[in-house]
Amino acid sequence: MKQTVSDEVLILLYYGEHEDPDLPARVAREPELQRRFDQISATLACLDEVQIPATSNDAEAVWARLAPALPPQPPSTRQPWLNWLLQPRLSLAGGAALAAVFVFAFWLGGRFGPNQPAVPEPDMAWQGADLNRFLARHLDDAERWLSHYSNQSAATGALDPQWTRRLLNDNRFFRLSVASTEQPRLSRTLDQLEFILLHTANASPRQALQPQSQRVLFQLRLLRQQYNPAPRAGEQNHVSPPII
Amino acid sequence: MNKTPDHILQRAAAGDHQAFRQLVLDHSHHVQRLALRLTMDPSSADDVVQETFLKVYRKLGSYRRESSFHTWLHRITVNTAMDYLRRKQREEPALPPEAIDSQQQPQGELCVLEQAEIRERATRLLRQLSPLERSALSLRHFEGYSIREIGSLLQLGDSACKQAIFRAVKKLRHALEPWS
């Protein structure tokens, strides 16, 4: 015995959402079912007669009405890549990516750190006369400091610790820079200077380093003449041939 | 529908008005059409469009891309329209369905005037449906969404969605009975 087909099922058939694949054939076979289906179809077709007044469809007009109602634009928006990274959906992936970057950075540090100087390549860092002038200025500064150091007394007072610290930092930079170059004398002098600066910065007894400081002072004066000769009359102070 | 590029969505989500303008220009036509279908009134549709895009602006940061932007936007439009219709219904209660039956009954052959009468009754009936019934029937009949998609848009199960459509069609048949 065939089941009765409800109006609901015929509505679903009209919209093609019926579940029984044999239903269209059955409706076509049975006149009563066909009549009911036609009735429903005619009713639903009436909906197509419904006329809705059109709008302007003007997108610019929509925006013109909308824009004043929007909250003020934030002064600075995040970079798109940061937005992408910070999307909640991607937060896990973003975190993993950041972790990977850190791990890679540590690996790089461990792999190359100890074998590489922590300063730029000398031939990159020491290009041009300006850079030579920096070294010459450092030698001048160091010579002045050593002079003060050698002539310290109760009357002159102690050396400025900040000056010592700054000179120590500068000297470390220059020493590392020339370490890999063919300038053994300069390198050795800067090395010895750093030793004195370091001990002074750490408040070591001055007397023990006095002879050494005299030697370094002497070396510095020689180097200073080499890298920063005194200008002749009527001539600008110029820099000697590139040191590196 | 134009596909809005991801970078526009991202910039709009970050509050960039220019990017949001682009998004509005790309999608306003479809939002307007849907709002008009659901409200059946241009003025109400304008309100719904405005409200929809304001919601989109506020919620864009929480758009998860689990569905297409088009679907997400339509969901907001439908929900906004339904909320709007419910508010309006509370403020201006619709005539009961019986009111349609009390109208003049057709007599004689179907003619142009009767066609106009059918159109008017169908239009009036659609306006008198509950927001849920109207939305479900309009999305199925005019927008061509499947029942499952309508269920997703209206956040209803398939069965509840079908029942809303069945109720709407039953009322429509009742209103048009004299011509059936």
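These legends go with close-up views of a predicted model with chains A and B.

**View 1. Chain A on its own is a helical chain.**
Start with chain A, which has eleven helices and zero strands. Reading from the N terminus, then, each element you meet is an α. The chain runs to 244 residues, and 33% of them count as buried. Its accessible surface adds up to about 15400 Å², with 58% of that belonging to carbon and sulfur atoms. If you look at contacts in chain A between residues at least 6 apart in sequence, 64% join residues at least 24 apart.

**View 2. Chain B meets chain A.**
Here 45 residues of chain B are in contact with 44 residues of chain A. Together the two chains bury about 4400 Å², and 64% of that area is on carbon and sulfur atoms. On the chain B side, the residues that lose the most area to chain A are His141(B), Phe166(B) and Arg173(B), which together make up 15% of what that side buries.

**View 3. Polar links run across the interface.**
There are charged pairs to look at here too: six salt bridges turn up across the interface of chain B and chain A. One of the salt bridges joins the side chains of Arg21(B) and Glu60(A), at 2.6 Å from N to O. As for polar contacts, eleven residue pairs make them between chain B and chain A, counting pairs with both residues at pLDDT 80 or more. Which parts of chain B face chain A? The elements giving two or more residues to that side are α2 (17–39), α3 (42–59), α6 (112–128), α7 (131–141) and α9 (158–175) of chain B. The largest share comes from α2(B), with ten residues.

**View 4. Val62(A) sits against residues of chain B.**
Find Val62(A) in helix α4 of chain A, which covers residues 59–66. Is Val62(A) buried or exposed? Val62(A) counts as buried because its relative accessibility is 2%, and the cut-off for buried is under 20%. Setting aside neighbours within four places in sequence, Val62(A) is in contact with Val24(B), Ser28(B), Gln32(B), Val49(B) and Phe53(B).

**View 5. Helix α7 of chain B is largely enclosed.**
Ten of the eleven residues of α7(B) are buried, so this helix is largely enclosed by the rest of the structure. Among the buried residues are Pro131(B), Arg134(B), Leu137(B) and Leu139(B), along with His141(B). That last one, His141(B), is also among the residues of chain B that lose the most area to chain A.

**View 6. Glu133(B) is a charged residue to zoom in on.**
Glu133(B) belongs to helix α7 of chain B. With a relative accessible area of 4%, Glu133(B) is buried. Which residues does Glu133(B) touch, not counting those up to four places away in sequence? They are Ala164(B), Arg167(B), Ala168(B) and Lys171(B).

**View 7. A nonpolar patch shows on the surface of chain A.**
Leu98(A), Phe102(A) and Phe106(A) make a nonpolar surface patch of about 380 Å². One of the three, Leu98(A), lies in helix α6 of chain A, residues 91–112. An α-helix has 3.6 residues a turn, so residues three or four places apart point the same way. Leu98(A) counts as partly exposed because its relative accessibility is 45%.

Notes. Residues are numbered from 1 along each chain as its sequence is written. Chains are lettered from A and ligands numbered from 1 in the order in which they are written. This is a predicted model: local features need pLDDT of at least 70, side-chain atom pairs count only at pLDDT 80 or more; totals for chains, interfaces and linings use all residues. Side-chain values use heavy atoms; hydrogens and water are left out. Patches are made of residues with over 30% relative accessible area and no salt bridge: like charges are joined within 9 Å, nonpolar side chains (Val, Leu, Ile, Met, Phe, Trp, Tyr) within 5 Å. Accessible areas come from the Shrake-Rupley method with a 1.4 Å probe; for residues, only the protein chains shown count as cover. A salt bridge is a side-chain nitrogen of Lys or Arg within 4 Å of a carboxyl oxygen of Asp or Glu. Helices (H or I, at least four residues) and strands (E, at least two) are DSSP runs, numbered from the N terminus. Buried means under 20% relative accessible area, exposed over 50%, partly exposed in between (1.4 Å probe, protein chains only). Contact means heavy atoms within 4.5 Å. Buried area is the accessible area (1.4 Å probe) that two parts lose on being put together, summed over both. A polar contact is a pair of N or O atoms within 3.5 Å; within protein, one must be able to donate a hydrogen and the other to accept it, and residues adjacent in sequence count only if both atoms are side-chain atoms.
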